[in-house]
Amino acid sequence: MMLLVWKLLRQHISIAQLAGFFFANLFGMFIVLLGLQFYNDVKPLFSQDDGFLKPEYLIVSKRISGMSVLGAGESCGFSDKEVEDISNQPFCKSVGAFTASQYRVVCSMGVNGVAQFGTDMFFESVPDRFVDTELSKWRFSSEDGIIPIILPRTYLAIYNFGFAQSQSLPKISEGIVGMIDMLVVLRGNGQEQRLKGKVIGFSTRLNTILVPESFIKWSNTKFAPEADLTPNRLIVEVKNPTDDAIVKYINDHNLELEDDKLDAGKATYFLKLVTILVMCIGMLISILSFYILMLSIYLLVQKNTEKLRNLLLIGYSPVRVSLPYQLLTVGMNGVVLILSFTLLYMVRCYYMNMLWVMFPQMQDGSMWPTLCLGIGLFIVVSLINIVAVRNRVMKIWNRKE
Amino acid sequence: MNSIELHNTLPCVFEGRDVQSEIWLQDVVFQKGETYLVEASSGTGKSSLCSYIIGYRKDYLGNICFDNKDIRQHRVSDWTAIRKHTLSLLFQELRLFPELTAMENIDIKNELTNHKSHKEIEAWFERLGIADKINAKVGRMSFGQQQRVAMIRALVQPFDFLMVDEPISHLDDENSKIMAGIMMEEAQHQGAGVIVTSIGKHMDLPYTKTFRL
């Protein structure tokens, strides 16, 4: 049925024009998709997702000068007034204090029951709402006596590459943190208690040994009831880590940021900017190619106006007459989508291999958002094509050609 | 559809002119089952009349109604249905597709309704003396041959009215007769009304009424 109509309407189709559209659109679509995919793949490297601390959290401490070491300068701790001042800043969402253990802690570690080393150490806690982990794991009760602990990732590196290697001990991977036994002895206020520690994870951004707030409260009351609890460090949740106001405030008040979160934030910002720029260029190419397609189809309809009109006059409906050109455009858009996605997949395999060599800890991201964007663009462009062809045919129907 | 009615109809371009016509500015009714001849001189709006009735042009004053319904109210889907099932027009300019063969030109119309079998169509080609042209490109046929193809195309659909606009302008008397015979057979078979227009030579048929345009 459609064959004769198609035989008629394919007259004047310009292969060169359609090929021009095809490759331009393929190129544009590929750049748009590649931009988004690359951004999604690389973003985790910049944001260094910690798993325990959200990227909007900054850790603030006072800059230590020579004077404060001698005890002559300002105090190292934050007074209530200072904490309040920070929490009143427009960039700040909420503030929490680090609370340190005020008693002696001795800890010995081992793997699978074999003790390996022991050391004096300390604990710190932040309010639980700042710790991004399952709450059931992040709880201490004095009955079962197991302390959940988050260690800095650098400790793992120090152990694996420094200690374990020189002592011919087994290396520990993050996957088997659960196998680390920690025996913790707490002493103070004339009492002593042995507890078990359980490492539940490693954090890149925290330079401390983190335990639940409930444990610190309980242990400080028990082993150091009279200690001064002025916090030395604050954890600040900000609205936007790239905000310049933060840097200004930090410098003006002689404070220090504990990690390079701000730099990472800036790098992410630039990554975003470059990605958007690349995607815009891709989009521009796509729009231009879309324009070629529309011109080409308009020209085709124009050249075949008489045939289309005759078909309409002998009883073909505008819907039926439009269909061949609509199928042609939608089909081409579909092929472009499939090809550009295939191309993207191959290119991605290539660059992901390179990235894995450089950043072995990188996780394999998903291609779904990119596919969704591709399909979304396909649908929008196809709909515009369908409507445009139909409008052209209706113009012939209404004798406006 | 049982009737086509014209009420005070006049092509816009004739407005203000002194028009002497038995169609324009009159109340005219074409009934289903009857045969009419519309005789015209050049430039009296014969093809305009066909274009108005097939819904192709609307540049007229007054009203045209199908079964008392003003055709200005027809929507796109109504017109498509009318052109498929109710009203068939043999265009003076034929409106065939020169890049298709004679049979393909018929098929492209017949496929809409599958009204006629290939056998019946081939029989018509035979009777009209163009059986050898069935698979020839229409663009390579003479106008007289094309007129016969266009007539066959006009007949491969169900219709209540058949309008033929100068169907035999390029045919000899013998072929005109055959064509008229086939046309009337099919029209009677369908119980349809026939409106023939002519500018000089016309088919010899038992017309119910003849109008001077």
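## Reasoning through a predicted two-chain model

Me: Starting small: what stands opposite B:E39 in strand 9 of chain B?

Reply: B:R212 does. Keep in mind that this is a predicted model. The strand on the other side of that pair is strand 3 (residues 35-39) of chain B, and four bridges join strand 3 to strand 9.

Me: What makes strand 3 and strand 9 of chain B a pair?

Reply: Pairing asks for at least two bridges. Strand 3 and strand 9 of chain B have four, so they count as paired, and they run parallel.

Me: And which sheet of chain B do they belong to?

Reply: An open one of five strands, in the order 6-7-8-3-9, with parallel pairing. Neighbouring strands there are turned by 15 degrees against each other on average, ignoring direction.

Me: Why are strand 6 and strand 9 of chain B said to stand at the edges?

Reply: Strand 6 (87-90) and strand 9 (209-212) of chain B each have a single partner strand, so one side of each has no neighbour in the sheet.

Me: How do you know which helix packs on that sheet?

Reply: Go by its contacts: helix 1 (residues 46-53) of chain B touches strand 3, strand 6, strand 7 (161-165) and strand 8 (193-198). The direction of helix 1 makes about 150 degrees with that of strand 7 of chain B.

Me: Over to chain A. Why is A:S61 called partly exposed?

Reply: Buried starts at 20 C-beta neighbours within 10 Å, and exposed means 12 or fewer. A:S61 has 18, so it lands in between and counts as partly exposed. In chain A as a whole, buried residues make up 29% of the 401.

Me: What does A:S61 touch, leaving aside its neighbours within four places in sequence?

Reply: A:S61, which lies in strand 1 (residues 57-62) of chain A, is in contact with A:N232, A:R233, A:L255, A:E256 and A:E258. Take A:R233: it is 172 residues from A:S61 in sequence, yet their C-alpha atoms are 4.6 Å apart.

Me: How many residues of each chain are in contact across the A and B interface?

Reply: 14 residues of chain A are in contact with 16 of chain B. On the chain A side, helix 1 (2-9) and helix 9 (305-313) are the elements that give two or more residues. Helix 1 of chain A supplies the largest share, four residues. By class, that side has eight nonpolar, four polar and two charged residues.

Terms used: Residues numbered from 1 in each chain as written. Chains lettered and ligands numbered in written order. Predicted model: local features only at pLDDT ≥ 70, side-chain atom pairs only at ≥ 80, totals over all residues. Contact = placed C-beta atoms within 7 Å. Nonpolar A, V, L, I, M, F, W, Y, C, P; charged D, E, K, R; others polar. Axes fitted to C-alpha atoms, helices over the stretch in contact; angles between N-to-C directions.
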